[in-house]
Amino acid sequence: MYNFDFTRPTDLSAAVDALRGDGAQALGGGQTLIPVLKQRLAAPTTLVDLSGIDSLKGIRRMGDMLVIGGGTTHGAVAASGDVAAAIPGLVQLTSKIGDPQVRNRGTIGGSLANNDPAACYPAAALALGATIETNQREIAAEDFFQGLYATCLEDGEVITAVKFPIPAASTYQKFEQPASRFSLTSVFLAKMQDGSVRVGVTGAGADGVFRHEGLEQALSSDFSASAVDGVSVSAEGMSNDLHATPEYRANLVKVMTKRAVEAVT
Amino acid sequence: MATISMTVNGKQVSGEAQGNTLLVEFLRQELKLTGTHVGCDTSQCGACVVHVNGESVKSCSVFASACDGGSVTTIEGMANDDGTLGVIQQAFQNEHGLQCGFCTPGMVMSIADMLKNNPQPTEAEIREGLKGNICRCTGYHNIVKAAQSAAATLAGAAQAAE
């Protein structure tokens, strides 16, 4: 790993100032970035550690929204009674990320900003129609994710919080790649307060996280596992690697969606 | 180089760290606490697990400078004050929970954190809680038994204290 200057500000404005510097890079929990640095795939001149900023941490309910600070760890979300009461799918999701040690460091902001095509959080953000709040603006999840490892975040922009609308029901069904524990194909299913159903899929798309319109339409009119049978999920646009073919992933989308429907009915 | 300070196993310590110095490098090379092992250096194996501010982490995937001012517990801090083995360590000996012993420091630290959050885990919860720790000798069965035995001992001690 190349060397760099390390700074750990305790307030957000100092972090944003530090990130204005040439070659500065934000560090969340580091559970992806540190391995990346070890492989010399990134070489920042300054690393701005966000873990000392208390205002980025915490979980609170605001009316019909659940607000999770950008620096909140997966472990904190998994252990939160507020999250379990409001959006149980998020507890299922966070409690299956990596292992306990990864969950004690990794953060929601880091996961979303990295937008790994097999990461879990993007599926929840997209399925629930979350709003990603940064130090500059609010971004709808639909606009936030822009393909593999790509988001609309600009240099120096820090995710301060994620606002999730509280659905009527939610679940996360993960089919994990057992060695990496990332998603081979996983589905976040949300039944919204207005009765509409939203299906976020991660691990499968060649272009990263996506919603499946066909499944959403079928389940919005008939919320049953058998409704999934009638939907055709195309292998086109699914990723292909040594772990699974596009056809296998397309099949998994249906299997995991069915399991999701069964889990909340 | 910068000087960083932290509390390690209850003692205030200081040492030199570069920006890219990992916590495990600081512990082993600067503080000479070589009980914490580096197995893979890629966050897979868990031999380097220590506690930072009361939570288990992989010290190969945390920067030393991120722990400046914090509190760290390593395997060297798990023995009793008189130098005898702590409850979890003793359980590993009793249950033959180690063969080569390389993974054991990380296993002990992970189990300590697990039992703090869940004092009476089921076997499935123990196996799930040790997902981040790899052992290439034992086949895990005796490690799970050691965790169960330590949980029972700690529960008995807690009951006796009431």
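**A walk through helix H1, the domains and some cysteines**

Start by selecting helix H1 of chain A, residues 12–19: its buried residues are A:Ala15, A:Val16 and A:Leu19. Look down the axis and you'll see them on the same side of H1(A), because they cover an arc of only 100° around it. That fits the usual geometry: an α-helix has 3.6 residues a turn, so residues three or four places apart point the same way. Keep in mind as you go that this is a predicted model.

Now show what sits over that buried face. The cover includes two strands of chain A, S2 (24–27) and S3 (46–49).

Zoom out and colour chain A by domain: domain 1 is 5–49, domain 2 is 54–165 and domain 3 is 169–264. Stay with the first pair. The C-alpha centres of domain 1 and domain 2 of chain A are 19 Å apart. At their interface, eight residues of domain 1 of chain A touch eleven of domain 2 of chain A. Together these two domains of chain A bury about 750 Å², with 66% of that on carbon and sulfur atoms. Which three residues should you pick on the domain 1 side? Go for A:Leu12, A:Gly29 and A:Gln31, which supply 55% of the area that domain 1 of chain A buries against domain 2 of chain A. Don't hunt for salt bridges across this interface: the count is zero.

Last stop, the cysteines. There are zero disulfides over all chains. Select B:Cys48: the nearest cysteine sulfur belongs to B:Cys60, 3.9 Å away, and B:Cys48 is in no disulfide. B:Cys48 is buried, at 4% relative accessibility. Then try B:Cys137, also in no disulfide. Its nearest cysteine sulfur is that of B:Cys100, at 3.8 Å. B:Cys137 is partly exposed, at 34% relative accessibility.

Terms used. Residues are numbered from 1 along each chain as its sequence is written. Chains are lettered from A and ligands numbered from 1 in the order in which they are written. This is a predicted model: local features need pLDDT of at least 70, side-chain atom pairs count only at pLDDT 80 or more; totals for chains, interfaces and linings use all residues. Side-chain values use heavy atoms; hydrogens and water are left out. Buried means under 20% relative accessible area, exposed over 50%, partly exposed in between (1.4 Å probe, protein chains only). Helices (H or I, at least four residues) and strands (E, at least two) are DSSP runs, numbered from the N terminus. The arc is that of the directions from the helix axis to the C-beta atoms. Contact means heavy atoms within 4.5 Å. A disulfide is a pair of cysteine sulfur atoms within 2.5 Å. Domain bounds come from an automatic or database domain assignment. Buried area is the accessible area (1.4 Å probe) that two parts lose on being put together, summed over both. A salt bridge is a side-chain nitrogen of Lys or Arg within 4 Å of a carboxyl oxygen of Asp or Glu.
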